[in-house]
Amino acid sequence: MLLECKINGSVNLGEFDETMNSFHVCITASAKEHQFINNTLKDFVSSPLDYDISKMEDEEDMMEMAKVFEDLRKELYG
């Protein structure tokens, strides 16, 4: 949602639930918050198996998740 807001300014909640079609959400973050998100994504991507979620997912899924997160991070922060 953060990426969608960065690109288009807001997210139409109707994309998730038809009954909420008239509701739009705009997510903003300060420079410090963006830095935190970027660093957190970098940390996860560099060592996804260090996170507790890896106890519930197999290694292949964790590595795929890390790839998705890195792609998201690059779209958000370059």
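This passage walks through the overall fold of a predicted model and then visits four of its residues.

The protein chain holds three helices and two strands. Followed along the sequence, these elements come in the order α-β-β-α-α. The chain is more spread out than a compact globule, because its radius of gyration of 15 Å is well over the 12 Å that the globule rule gives for 78 residues. A sense of its outline comes from the C-alpha trace, which spans about 40 × 30 × 20 Å along the principal axes.

Turning to surface and interior, 23% of the 78 residues of the protein chain count as buried. The accessible surface of the chain amounts to about 5800 Å², and carbon and sulfur atoms make up 55% of that area. Contacts between distant parts of the sequence can be described too: among contacts in the protein chain with a separation of 6 or more, 35% are between residues 24 or more positions apart. As for charge, the protein chain carries 7 positive and 17 negative charges, and the mean positions of these two groups are 12 Å apart.

A good place to begin a closer look is N12, in strand β1, which covers residues 11-12. The relative accessible area of N12 is 18%, so this residue falls under the 20% limit and counts as buried. Leaving aside residues up to four places away in sequence, N12 touches M20, N21, F23 and H24. With one of these neighbours, N21, the contact includes a polar one: the side chains of N12 and N21 meet at 3.3 Å.

A little further along is F16, located in the loop that links β1 to β2, the latter being residues 24-25. Here the setting is an open one in terms of accessibility: F16 has a relative accessible area of 59%, so it lies over the 50% limit and is classed as exposed. Even so, F16 touches M1 and V11 when residues up to four places away in sequence are not counted. K32 is 16 residues from F16 along the chain, and the C-alpha atoms of the two are separated by 29 Å.

The next stop is I37, within helix α2, which runs over residues 31-46. I37 counts as partly exposed, because its relative accessibility of 26% lies between the 20% and 50% limits. Residues from other stretches of the sequence meet it: not counting residues up to four places away, I37 touches L2 and Y77. L2 is 35 residues from I37 along the chain, while the C-alpha atoms of this pair are separated by 10 Å.

The last residue of the tour is R73, part of helix α3, which comprises residues 59-77. Although arginine is counted among the positive residues, R73 has a relative accessibility of 10% and counts as buried. Beyond residues up to four places away in sequence, R73 touches N38, L41, K42 and G78. The side chains of R73 and N38 are also joined by a polar contact of 3.0 Å.

Taken together, the four residues illustrate each class of accessibility: N12 is buried, R73 is buried, I37 is partly exposed and F16 is exposed. Polar side-chain contacts appear at N12, with N21 as the partner, and at R73, with N38 as the partner.

Technical notes: Residues numbered from 1 in each chain as written. Predicted model: local features only at pLDDT ≥ 70, side-chain atom pairs only at ≥ 80, totals over all residues. Heavy atoms only, no water. Helix = DSSP H or I, 4+ residues; strand = E, 2+ residues; numbered from the N terminus. Rg over C-alpha atoms; globule rule 2.2 N^0.38 Å. Buried < 20%, exposed > 50% of the residue type's maximum accessible area, 1.4 Å probe, protein only. Contact = heavy atoms within 4.5 Å. Areas by Shrake-Rupley, 256 points an atom, 1.4 Å probe, with all protein chains shown as cover. Charge placed at Lys NZ, Arg CZ, Asp CG, Glu CD. Polar contact = N/O pair within 3.5 Å; in protein donor to acceptor, adjacent residues only side chain to side chain.
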